[in-house]
Each structure stands twice: as structure tokens, then as C-alpha cells.
2 protein chains.
Amino acid sequence: MLWRVDPRDPEPLYAQIAGVVRRALGEGTLHPGDRLPSGKDLAKSLDVNLHTVLRAYQELRDEGLIELRRGRGAVVIASGSGVSRLGAMVDELISQAERLGISREELVRMINEEEADA
Amino acid sequence: MLWRVDPRDPEPLYAQIAGVVRRALGEGTLHPGDRLPSGKDLAKSLDVNLHTVLRAYQELRDEGLIELRRGRGAVVIASGSGVSRLGAMVDELISQAERLGISREELVRMINEEEADA
DNA sequence: ACCTATTTGTCCGTATGTATG
DNA sequence: CCATACATACGGACAAATAGG
């Protein structure tokens, strides 16, 4: 897997780990359906704690890049610029709007009123 | 503060904590500018670990409900900030969609077809 | 300018729970 | 039933930012 992280880098380790996975997705060395190493294995190979890896994985899951399930591991569900990521963003947007008491009609209006290059 | 969580509830403790804060915001017992108890204090009063409280706070921060800064604590964000954050999310979404060659009409359809609960 | 206390951020380790295969 | 793998929670340690004296 030859991934590396640097403990002296001011960027947090979990962010570095998420970064190398994102890069692998972008470069095409990871494809939809591929399984990422188990947290335990990757932690050992990077010489970091299991939690640090799992935190990185959860970040990637929140971004809609991987699916994370107990007993199964982490599976790539989209490329870095995929449509399912857009779906995740739509979900987040809707949740946020609901928290603010903003209806979908208003949300749609916001989108349509946004300038093309904005 | 009289907040309570239940360790036997299947809902994770950090989610319960985030929930009671959200409810306090919704009920108007917390207002923009108000400072939440420090993680240490709330952890003690709820009889949970400090990290559990901080995880709840970070979730609320990710939702745009509070601002979280070292040394200062957790402060309820002004409602206007929440809306402007929503605007930023809309911009991101539009950019991402354009990158994928997805039209705004299609974006709007995605939003309207999303399940109501999210 | 300095020092100290406070508070969140990260990381480690351990234990236990839960879903999957 | 058993092994694997993520999820949650606890605890401890140290770092970094902030606030106040």
C-alpha cells in the first residue's frame, strides 16, 4: 500500500490519512468497489493508533467517498468527483436547511437565484 | 442546566448530548451568543467522559450551530451565520454539479426527490 | 511582557458492544 | 460459534489557543 504520514506535519494525522486515500481515488489507484485496508492493518502499517485511522475513514464516509460497515470494512463507493458525492452534499444541504427552518422551495429559489459563476 | 442522558439508551451518548443542546436551541432556552458549559463541566454534570461531550460539541459545530474555539469554549452562533453557511453550501453544491455536468434543473429535482426526513 | 489557568484538539491505549461473514 | 471490523466510551497525556491577572 506504501502510504505514508508524517507525525511532525502540523496537519493532523487523521486528515493526512484521509488525504492519501482521496489522492489514491483521484489518481485512479483506488476504484469503486475496492476495499480499503482494515483499520487495524492500516494503523499498524502507518504506525498510528487504530482510532486515528477510523477517524479518517469516518471523515471519508461523511464525504460520501466510502461506505463503512461493521464487520465488513471500508468500501469505495464513488470516485472523488462522483455523482454519489453530490447526493451526499444534497442530503447535507437539506438537513442544514431544515435545521434553519428553511423550506425546500426557498432552497430551490436560492439555487436558481445564484449567479452562474458566483 | 438540568440536562440528562441515559447510558442504556441505544442512541449514543454523544448524539444524546447533541440532541439536548439542539432541543434547548429550538425551545429558545439557548440564544445566539450564549456560551455552553465547558466540556469538563458538562461531562461532570452528565457523568460522562470529557471526550464524549467534546464529540457532541464538534457535531454541533459541523452543523453550524455553535462556534468552538480553544480556550474560549462553545458559543451559540448567530442565526444569520447559519444562513450564510447555507449559502456557502449552496455555492459548493452548484460548483460540484457544474463540474459533473449536472444542470440546475437536475439539481432541483434531486432535492425534491429526496426523502422528507433526511 | 509574562505567567497561569482554562478549554478545545489530537493522539494514544484499553475495554466493550454490535454487525458481518 | 467464532473471527473480523467498525462504533462507542472511558481514561490519560500533551499541544495549542485563549483569557485574565
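The crossing of α1(A) and α3(A) is right-handed. Keep in mind that this is a predicted model. The two helix axes come within 8 Å and cross at roughly 55°. Angles from 65 to 115 degrees would count as roughly perpendicular and those under 35 as roughly parallel, so α1(A) is oblique to α3(A).

Who makes the contact? From α1(A), we have Leu13(A), Tyr14(A), Ile17(A), Ala18(A), Val21(A) and Arg22(A). From α3(A), the partners are Thr52(A), Val53(A), Arg55(A), Ala56(A), Glu59(A) and Leu60(A). By class, that is eight nonpolar residues, one polar and three charged.

Now the DNA. There are 25 residues around strand C. Leu13(A), His51(A), Thr52(A), Arg69(A) and Gly39(B) come nearest. Leu13(A) and Thr52(A) also belong to the helix contact I just listed. Which part of the strand faces the protein? Sugar and phosphate supply 79% of the DNA strand C atoms within 4 Å of the protein.

Three phosphate contacts to show you. Thr52(A) puts a polar side-chain atom 2.5 Å from a phosphate oxygen of strand C. Arg55(A) has a side-chain N or O atom 2.8 Å from a phosphate oxygen. Asn49(A) uses a polar backbone atom, again at 2.8 Å from a phosphate oxygen.

Next, the elements. Those giving two or more residues to this surface are α1 (13-27) and α3 (50-62) of chain A, plus α3 (50-62) and β1 (66-69) of chain B. Which one gives the most? That is α3(B), with five residues.

Last, the make-up of the surface near strand C: seven nonpolar, 10 polar and eight charged residues.

Key: Residues numbered from 1 in each chain as written. Chains lettered and ligands numbered in written order. Predicted model: local features only at pLDDT ≥ 70, side-chain atom pairs only at ≥ 80, totals over all residues. Heavy atoms only, no water. Near = heavy atom within 4 Å. Polar contact = N/O pair within 3.5 Å; in protein donor to acceptor, adjacent residues only side chain to side chain. Helix = DSSP H or I, 4+ residues; strand = E, 2+ residues; numbered from the N terminus. Nonpolar A, V, L, I, M, F, W, Y, C, P; charged D, E, K, R; others polar. Axes fitted to C-alpha atoms, helices over the stretch in contact; angles between N-to-C directions. Parallel < 35°, antiparallel > 145°, perpendicular 65-115°, else oblique. Left-handed = near helix turned anticlockwise from the far one by under 90°. Contact = heavy atoms within 4.5 Å.
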